[in-house]
Amino acid sequence: MAVFEEIVDENGVYKFFYDGVWRKSSSGKSVTIINPTTRKPHFRVQACTQEEVNKVVETAKLAQKSWAKTPLWKRAELLHKAAAILKEQKAPIAECLVKEIAKPAKDAVTEVVRSGDLVSYCAEEGVRILGEGKLLVSDSFPGNERTKYCLTSKIPLGVVLAIPPFNYPVNLAVSKIAPALIAGNSIVLKPPTQGAVAALHMVHCFHLAGFPKGLISCVTGKGSEIGDFLTMHPSINCISFTGGDTGISISKKAGMIPLQMELGGKDACIILEDADLDLAAANIVKGGFSYSGQRCTAVKVALVMESVADTLVEKVKAKVAKLTVGAPEDDCDITPVVTESSANFIEGLVMDAKQKAATFCQEYKREGNLIWPLLLDNVRPDMRIAWEEPFGPVLPVIRINSVEEGIHHCNASNFGLQGCVFTRDINKAILISDAMETGTVQINSAPSRGPDHFPFQGLKDSGIGSQGITNSINMMTKIKSTVINLPTPSYTVG
């Protein structure tokens with residue numbers, strides 16, 4: 001497509017973006033992206049060198065200084081422009097998502113549109129939050145006269161490193177980029193390998209909006225070669241990361257900079273005797289199987305009261321039977337998981353459950369990276385699937401005899417992202433919500449990250465800090481105080 005012509009070189013390798021120009025890496029090497037559906041090479045991106053990363057970060061550092069002096073309304077105007085271009089170009093970007101990460105076609109378009117909406121909302125919110133300061137007076141503290149006025153404002157951190165995951169490479173990139181930019185920071189984006197091409201298209205939309213040179217960069221390459229170099233770079237002032245265990249090692253190496261981390265979950269769904277079982281079944285299927293279960297906030301374990309378990313399992317089975325399985329181009333509900341190693345890992349969990357006599361509600365079926373949806377009943381705590389995150393279309397059901405048992409299982413996990421509870425009793429719902437050690441509890445709905453302005457955070461190994469547009473803007477700024485010292489006390493006489 002003509003709009004994106006300059007982001008590809010003559011050999012069909014996608015370029016990286018730095019200092020306002022699309023470039024080829026001096027390494028002469030590229031990284032291949034395998035299409036999960038065909039399991040054949042589909043795209044190639046540049047394998048950037050450490051030297052190039054160094055230039056990118058130093059350029060971002062310089063660009064940030066002048067961007068911080070750009071009026072807030074002007075920053076917002078450019079973000080609105082980028083949002084509009086992003087939505088205009090939804091079709092080619094969505095097509096990349098279909099080919100790179102096997103996202104169903106309609107969901108791919110939704111991701112791009114939602115990303116444009118997020119950027120616009122962020123521009124509006126940023127103007128309000130950052131346009132407001134605070135005045136403190138000294139005589140509110142004992143022993144002081146009113147001789148000091150303290151003015152506080154929010155200032156940018158500097159260079160923000162954004163690392164989104166494969167499953168939402170556009171949406172979870174802009175959820176980091178837009179807050180960073182409105183707050184006056186510059187951004188270095190390191191997209192995931194699967195999803196890199198969609199991310200490069202998205203970056204081009206920001207470029208077309210007319211942001212200053214050097215302010216936004218996007219480097220691609222092997223994590224083993226540039227990952228640590230980037231995350232430990234002395235000129236990076238903040239890291240916003242979404243993904244898996246890698247985040248834990250980044251946290252240990254990053255040093256004294258603010259971190260925003262979202263590292264996956266084992267979201268538990270507790271179903272009580274008085275629950276609306278049709279509602280619960282619909283949400284378990286939506287929560288457990290949409291995008292083949294490859295979501296941090298997917299329902300990862302259903303904890304069902306024994307008295308309603310048979311009925312609920314039958315209802316879920318009936319809905320699972322209606323899920324379509326196949327290619328993302330055909331908008332199937334269940335599409336291939338992202339890599340062969342993911343499919344092998346999921347299969348390992350399934351085989352462990354089989355060996356330990358879980359009840360298979362469907363026959364286990366796999367072709368390449370495509371795994372048919374599978375509900376496992378009578379799962380016990382000694383099975384790996386009870387604790388590990390499959391990131392695939394496999395859902396364990398654990399039958400419980402008390403609410404306490406359900407809460408105990410939820411809290412025994414090393415994850416604590418989200419959870420949900422189905423009941424008609426609001427008092428029970430609140431008590432259970434308070435007892436669950438998770439960043440969010442959904443009452444009578446499947447876990448979900450959005451809407452994107454809601455706070456989104458995990459406890460324990462699920463993360464550090466909180467996301468959501470307002471929280472991200474605040475996290476990507478620091479408080480600066482200026483104190484005016486008066487020669488004599490001064491009081492407003494009303």
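**Figure 1. A357 is an exposed residue in a loop of this predicted model.** With a relative accessibility of 55%, A357 counts as exposed (exposed means over 50% relative accessible area, buried under 20%, and partly exposed in between, using a 1.4 Å probe and protein chains only). You'll find A357 in the loop between α11 (340-355) and β15 (359-360). Those labels come from DSSP runs numbered from the N terminus: helices are H or I with at least four residues, strands are E with at least two. Now look at the backbone: phi of A357 is near 70 degrees, a positive value in a residue that isn't glycine. Most residues other than glycine have a negative phi, and most peptide bonds are trans.

A few ground rules for every view: residues are numbered from 1 along each chain as its sequence is written, and side-chain values use heavy atoms, with hydrogens and water left out. Since this is a predicted model, local features need pLDDT of at least 70 and side-chain atom pairs count only at pLDDT 80 or more, while totals for chains, interfaces and linings use all residues.

**Figure 2. Two more backbone oddities: R39 and the G450-P451 bond.** R39 isn't a glycine, yet its phi is positive, about 60 degrees. R39 sits in the loop between β4 (30-34) and β5 (41-46), and it is partly exposed, with a relative accessible area of 42%. The other oddity is a cis peptide bond joining G450 and P451, with omega about -10 degrees. P451 is in the loop between β22 (440-443) and β23 (456-457).

**Figure 3. N369 is tucked away as a buried loop residue.** N369 lies in the loop between β16 (366-367) and β17 (370-371). Its relative accessibility is 4%, so N369 counts as buried. Who touches N369? Not counting residues up to four places away in sequence, its contacts (heavy atoms within 4.5 Å) are P36, R39, P336, V337, V338, T339, E340 and A343.

**Figure 4. E262, the residue that UniProt annotates as "active site".** The annotation comes from an unreviewed entry; UniProt positions follow the numbering used here, feature names are shortened, and annotations may be inferred rather than shown by experiment. E262 lies in strand β12 (residues 259-262). Is E262 buried or exposed? At 2% relative accessibility, E262 counts as buried. Leaving aside neighbours within four places in sequence, E262 is in contact with F241, T242, G243, C296, L417, F456, S462, G463 and Q467. The unreviewed entry also has a "domain: Aldehyde dehydrogenase" annotation, covering residues 22-481. That span is 41% helix and 21% strand, and its end C-alpha atoms lie 40 Å apart.

**Figure 5. Where domain 1 meets domain 2.** The protein is divided into domain 1 (2-263 + 462-479) and domain 2 (268-443), with bounds from an automatic or database domain assignment. The contact takes 18 residues from domain 1 and 22 residues from domain 2. About 1,800 Å² is buried between the two, and carbon and sulfur atoms give 57% of it (buried area is the accessible area, 1.4 Å probe, that two parts lose on being put together, summed over both). On the domain 1 side, R39, F166 and S462 lose the most area to domain 2, together 27% of what that side buries. How many salt bridges are counted between domain 1 and domain 2? The count is one (a salt bridge is a side-chain nitrogen of Lys or Arg within 4 Å of a carboxyl oxygen of Asp or Glu).

**Figure 6. A gallery of salt bridges.** Side chains of opposite charge can pair when their charged atoms come close. By the salt-bridge rule, the count comes to 21. One of them joins the side chains of K99 and E329 (2.8 Å, N to O). In another, the closest N and O atoms of K315 and D278 are 2.9 Å apart. K315 lies in helix α10 (residues 306-321) and D278 in helix α9 (residues 277-289), so this pair ties together parts that are 37 residues apart in sequence. K315 is partly exposed at 26% relative accessible area, and D278 is partly exposed at 46%. D139 and R146 also pair up, with their closest N and O atoms 2.9 Å apart. Here D139 counts as partly exposed at 24% relative accessibility, whereas R146 is buried, at 19%.
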